[in-house]
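The exercises below treat charged side-chain pairs and the setting in which they lie. Each task sentence is followed by a solution that goes step by step.

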Amino acid sequence: MSDEKDSVMLLPTSFYDKLDPKYREKLVEFEKTLKREKSTWKITTMMDFLNQFMMLKEFWDKLFERDIDVEELCYPQKYLEKKFVEYEKTYACNIFKTIINGSAKYIFLASFIPISIVRSYEKMKSLYSKIKLVEENEDEWFKALKEVEDGEFIEHNIEYRIGSDLTNKKLWKMYIEYLKKNNQEKLLQTYSKYCRFFLNDTEMIEEYRKSVGDKKVTVPWINTFDFEIYDPNYFDETAEPKITVKPPLTCFFNAENALPQRFPFKPNLMFYILKNANAYVLHNLFKSCKWFYPKNPVSVCYKVEPNYRKVDHLLIKGQSLSFSCYSFLPKRFEKLFISTKLTLTSPMFPHFIARIYRCTAKYISLNGLKLSNQELNMLIGYGNVEELDLWNISDSKNDWFILEDLLSFTPKIKDLSIRSVFCTPKTSEILCELPFENKINSFSVSNIKNTLLEPNGFAIFMQKNISPNSEIHLHFDQQHPNYIRNFKEAVNNFIEENWKENEDKPLFSAR
């Protein structure tokens, strides 16, 4: 196949080679479009393809599989926050395989992201900032690395830095001192590498000899010392160690082993906790004692989204709920506490809004809804939203919302995408005054219904609130070429004057 397919490669080459050439061309084009576009437009792109062509099961399954490994969140890295967001948005439950009456059964354990993973992520995020801050000072950088308490991570980072400058004898020796206490096997190999670069350092050769002792060490070098053995197969791959998975617990509460619980708190305090607990605490209270749920019968839901596969189909996976756009939720879901992710479309909305007890979701996508101010406040007014995607959302009078009114609900926003909105002459000024807690990574507003957005104030808003290398895209519904040209010129001039580092400049477009 051609290079254009290899640049996408969602599935193996052999899979594409079996396809009809014309269909393969369309599929590759579809993949490229999905890769370029943000989540706002992906549903439309997918529907366009499905309306024209058959969709292969292998491709569909691959498209929606979760590819964030929890281990990727356990060490400091540049893209740690981005990976955690993807993990948090797709997390549903833990799956265990067990044997019941001779047959294999899969058990879905309803749970939130374990607090240990969240704490590890927060610690690694803090450590990454610390490591980057002191990376010019080798001693402080080395100390910061050791705080990670992950030997493999520490060794990989030091070896990468040594590899970037083999002449840095100080770092070599710091690494050797570290390995003396933490990894004797790698210590000998590091000695052997050092002595193949600093050929005249006889003191280190002698230190290496003493560390080896009476035995001989295997090395990949043909110019061996008398205490080394050359191994031509040294770099051959070794088999992966087998991982033993512990079986799930088989002991559960039942009527025979249950004991009554008495709490050392007054009833009014218990009710206060129940009414004000966040989703994670409430979920743990329900697990700890059955008394809590009858007092406040709330269904804690990690994620709610539409299910496009079957009509009148309800899918419950762990703490995640997925149902058909035109189906009704069972009566047991009378009070839903949505904790993390919410996706709603217009057919789902009328019979769903009354079921919401509280929504503290960080990731919200709403499509084609007509909302009152009270309903809008219920969905995004908790102030926890970090990623907001609104597509043609109108108010109870069938008018579009005003941009600054929407953003006043989202002090933690990081990624914003809105289609169809009004601006006012005061929009830019008000945006500058809103107390945003995070830097904004992407800001996309399309189908702006008027030309009242003031460019200089908007540029100041960008300077105050956007992150390095962010993307800002504006699209005006009414075609006023002079206004758009002047707007672009004013903002681009501001960017050139205030962003001196090219790698930090935002990507701005307006049309």
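**Exercise 1.** Which side chain meets that of E386 in a salt bridge, and what is the N to O distance?

*Solution.* In this predicted model, the partner of E386 is K414, and the salt bridge between their side chains has an N to O distance of 3.7 Å. The next step is to place the two residues along the chain: E386 sits in the loop between helix 16 (373-380) and strand 12 (387-391), while K414 sits in the loop between helix 17 (403-407) and strand 14 (415-421), so that the pair links distant parts of the chain, 28 residues apart. As for burial, the cut-off is a relative accessible area under 20%; E386 is buried because its value is 12%, and K414, at 12% relative accessibility, therefore counts as buried. Finally, salt bridges that share partners join E386 and K414 with E81, E88, K125 and K362 into one network.

**Exercise 2.** Determine where the two partners of the salt bridge between E155 and K186 lie, and classify each by its accessibility.

*Solution.* Begin with the geometry: the closest N and O atoms of E155 and K186 are 3.2 Å apart. The pair links distant parts of the chain, since E155 belongs to helix 9 (residues 151-164) and K186 to helix 11 (residues 184-195), with their positions 31 residues apart. For the classification, E155 has a relative accessible area of 8% and is therefore buried, whereas K186 has a relative accessible area of 24% and is therefore partly exposed.

**Exercise 3.** Work out which helices are tied together by the salt bridge between K180 and E207.

*Solution.* The side chains of K180 and E207 meet in a salt bridge, with 3.0 Å from N to O. Because K180 lies in helix 10 (residues 169-182) and E207 in helix 12 (residues 202-212), the pair ties together parts that are 27 residues apart in sequence. The relative accessibility of K180 is 31%, so K180 counts as partly exposed; E207, at 27%, likewise counts as partly exposed.

**Exercise 4.** Set these pairs in the context of the whole protein by collecting its overall totals.

*Solution.* The structure holds 21 salt bridges, and its secondary structure comes to 20 helices and 17 strands. Of the 511 residues, 42% count as buried. Among the contacts with a separation of 6 or more, 55% are accounted for by residues 24 or more positions apart. The last step concerns the surface: the protein exposes about 30,500 Å², of which carbon and sulfur atoms supply 53%.

Technical notes:
Residues are numbered from 1 along each chain as its sequence is written. This is a predicted model: local features need pLDDT of at least 70, side-chain atom pairs count only at pLDDT 80 or more; totals for chains, interfaces and linings use all residues. Side-chain values use heavy atoms; hydrogens and water are left out. A salt bridge is a side-chain nitrogen of Lys or Arg within 4 Å of a carboxyl oxygen of Asp or Glu. Helices (H or I, at least four residues) and strands (E, at least two) are DSSP runs, numbered from the N terminus. Buried means under 20% relative accessible area, exposed over 50%, partly exposed in between (1.4 Å probe, protein chains only). Contact means heavy atoms within 4.5 Å. Accessible areas come from the Shrake-Rupley method with a 1.4 Å probe; for residues, only the protein chains shown count as cover.
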